[in-house]
Amino acid sequence: MSVLFTPKKIGEVEVRNRFVHAATYESMAEEDGKVTDMLIDRYSRLARGEVGLIVTGIAIVHPLGNVPGRAIGIHDDAMIPGLRRLVNAVHEHGARIFIQLLHAGAQTNRRAIGRMPLAPSFIGPNPMYLNFARPMREGEIKEAIRAFGEAARRAAEAGADGVHVAASGGYLLNEFLSPYFNRRKDEWGGSDENRFRIMREVILEVRKHLAPGMALTVKLTANDYTPRDGMTTPLAARYARWMAELGIDALEIASGCTTYSGWHIWRGGVPVRELVKDLPAWQKPVAWLKFRSMAGKYDFSGPYNLEDARVVKAAVGEVPFILVGGLRHLSQMEEILKEGVAEFVALSRPLIREPNLVKKFREGRAERSSCISCNKCFAEIVHRRPLRCMA
Ligand SMILES: Cc1cc2nc3c(=O)[nH]c(=O)nc-3n(C[C@H](O)[C@H](O)[C@H](O)COP(=O)(O)O)c2cc1C
């Protein structure tokens with residue numbers, strides 16, 4: 001039997017195979033963040049389709065870290081009953097579930113949070129949201145750290161198997177870790193050790209609130225692609241080693257931060273027409289120019305985080321590694337595991353198209369995903385419609 005279908009533990013959590021559903025924002029929660037039947041249906045289908053571990057899409061830990069749209073909320077105890085229903089639905093079909101904890105930092109807007117977004121430092125206008133964010137005060141940083149801990153407690157009360165902390169995508173923790181975004185001169189910036197401080201505090205705070213046996217994993221951006229050096233692979237490796245020393249249970253590497261680096265995260269097509277067509281008329285010309293200028297620059301290129309993974313994996317030793325990004329062929333995934341670059345493979349877009357892909361792989365009914373990485377699924381969530389494959 002292929003190693004892909006053998007069980008393995010993440011911390012104390014045994015996962016039935018090596019297939020992970022990579023965190024994918026579903027745009028399916030209620031306006032206030034509560035879990036809906038649509039979300040339960042989506043995750044039940046993935047669990048029935050034999051995914052081993054489901055990482056949910058972003059779950060917002062603090063109202064000021066919200067994103068525009070319909071993300072899952074984990075910022076309030078009122079969210080717990082819905083999250084519990086979600087967890088139970090996944091467990092019913094033998095899969096494990098980790099909730100992805102996120103604070104959006106600067107990557108949001110006034111409409112989503114009711115005031116100016118928060119960031120480590122003042123940078124200038126955000127190229128996607130076209131707004132400004134203001135530097136956080138010490139008390140606000142501590143409040144954000146506590147919010148991650150409280151969110152972990154809610155995940156535990158909901159019965160989740162673990163939490164997956166997002167230090168990726170250009171969001172708050174990614175911003176603090178990155179020398180491009182973090183220009184602070186106090187104890188939260190100015191050196192790698194200081195930039196890492198918030199991450200250290202979040203890991204310790206989250207761990208304090210998890211139930212025994214729950215796992216704590218992290219998604220870390222290895223490359224920001226910002227105008228000047230931000231996160232780079234060697235820096236990611238350094239941070240990853242510190243996270244390993246703090247006892248995280250698994251690490252996943254990503255690339256790109258959403259608003260500065262275009263499509264590095266989800267390499268493939270830039271569906272200009274779909275991205276622009278439902279925008280208000282006044283936004284269309286600028287958006288068209290922006291997306292048009294990106295087209296053809298992020299062509300799909302197989303497992304595109306592999307080189308970063310090789311470097312970062314070497315820094316974390318025995319900590320299980322989850323590889324995401326461009327994995328489409330079963331044979332390729334098997335090679336990656338055999339080579340020892342990763343212990344788990346994570347898929348996002350392929351599972352939007354075929355939630356039962358893992359089952360198909362196991363039954364020998366497919367050797368590759370039929371996802372064409374057109375990214376029209378992404379255009380759907382940009383327009384706040386529920387996630388679905390549009391190809
Ligand atoms: C529609 C969409 C939504 C996504 N939402 C999230 C998210 O909520 N959290 C996250 O960490 N990554 C998110 N990602 C990135 C994926 O987890 C993954 O890293 C990326 O799509 C590359 O994997 P793939 O080639 O298997 O799609 C999203 C990707 C897509 C296409």
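Call a residue buried if 20 or more other C-beta atoms lie within 10 Å of its own, with C-beta atoms placed from the backbone. By that yardstick, F321, I322, L323 and V324 in strand β12 are all buried. Keep in mind that this is a predicted model. Two things are worth a look here: the shell around the ligand and the strands on either side of the β12 pairings.

**Around the ligand**

- The ligand has 26 residues around it, and A22, A23, Y25, S348 and R349 come nearest.
- By residue type, that shell splits into 16 nonpolar, eight polar and two charged residues.
- Three elements each put at least two residues into the shell: β4 (53–60), α12 (349–353) and α14 (376–382).
- Of the elements, α14 gives the most, with three residues.

**Strand β12 and its side chains**

- β12 covers residues 321–324, and its side chains split by direction: F321 and L323 point one way, while I322 and V324 point the other way.

**Pairing partners of β12**

- With strand β11 (residues 250–254), β12 pairs in the parallel sense over three bridges.
- In that pairing, E252 stands opposite I322.
- With strand β13 (residues 344–347), β12 also pairs in the parallel sense, again over three bridges.
- Here I322 turns up once more, standing opposite F344 in β13.
- To get from β12 to β13, the chain runs through helix α11 (residues 330–339), and this β-α-β crossover is right-handed.

How values were computed. Residues are numbered from 1 along each chain as its sequence is written. This is a predicted model: local features need pLDDT of at least 70, side-chain atom pairs count only at pLDDT 80 or more; totals for chains, interfaces and linings use all residues. A residue is near a molecule or strand if its C-beta atom, placed from the backbone, lies within 6 Å of it. Helices (H or I, at least four residues) and strands (E, at least two) are DSSP runs, numbered from the N terminus. Ala, Val, Leu, Ile, Met, Phe, Trp, Tyr, Cys and Pro count as nonpolar, Asp, Glu, Lys and Arg as charged, and the others, Gly among them, as polar. A residue is buried if 20 or more other C-beta atoms lie within 10 Å of its own, exposed if 12 or fewer, and partly exposed in between; C-beta atoms are placed from the backbone. Two strands pair if DSSP finds at least two bridges between them. A crossover is right-handed if, with the strands pointing away from the viewer, the path from the first strand over the helix to the second runs clockwise.
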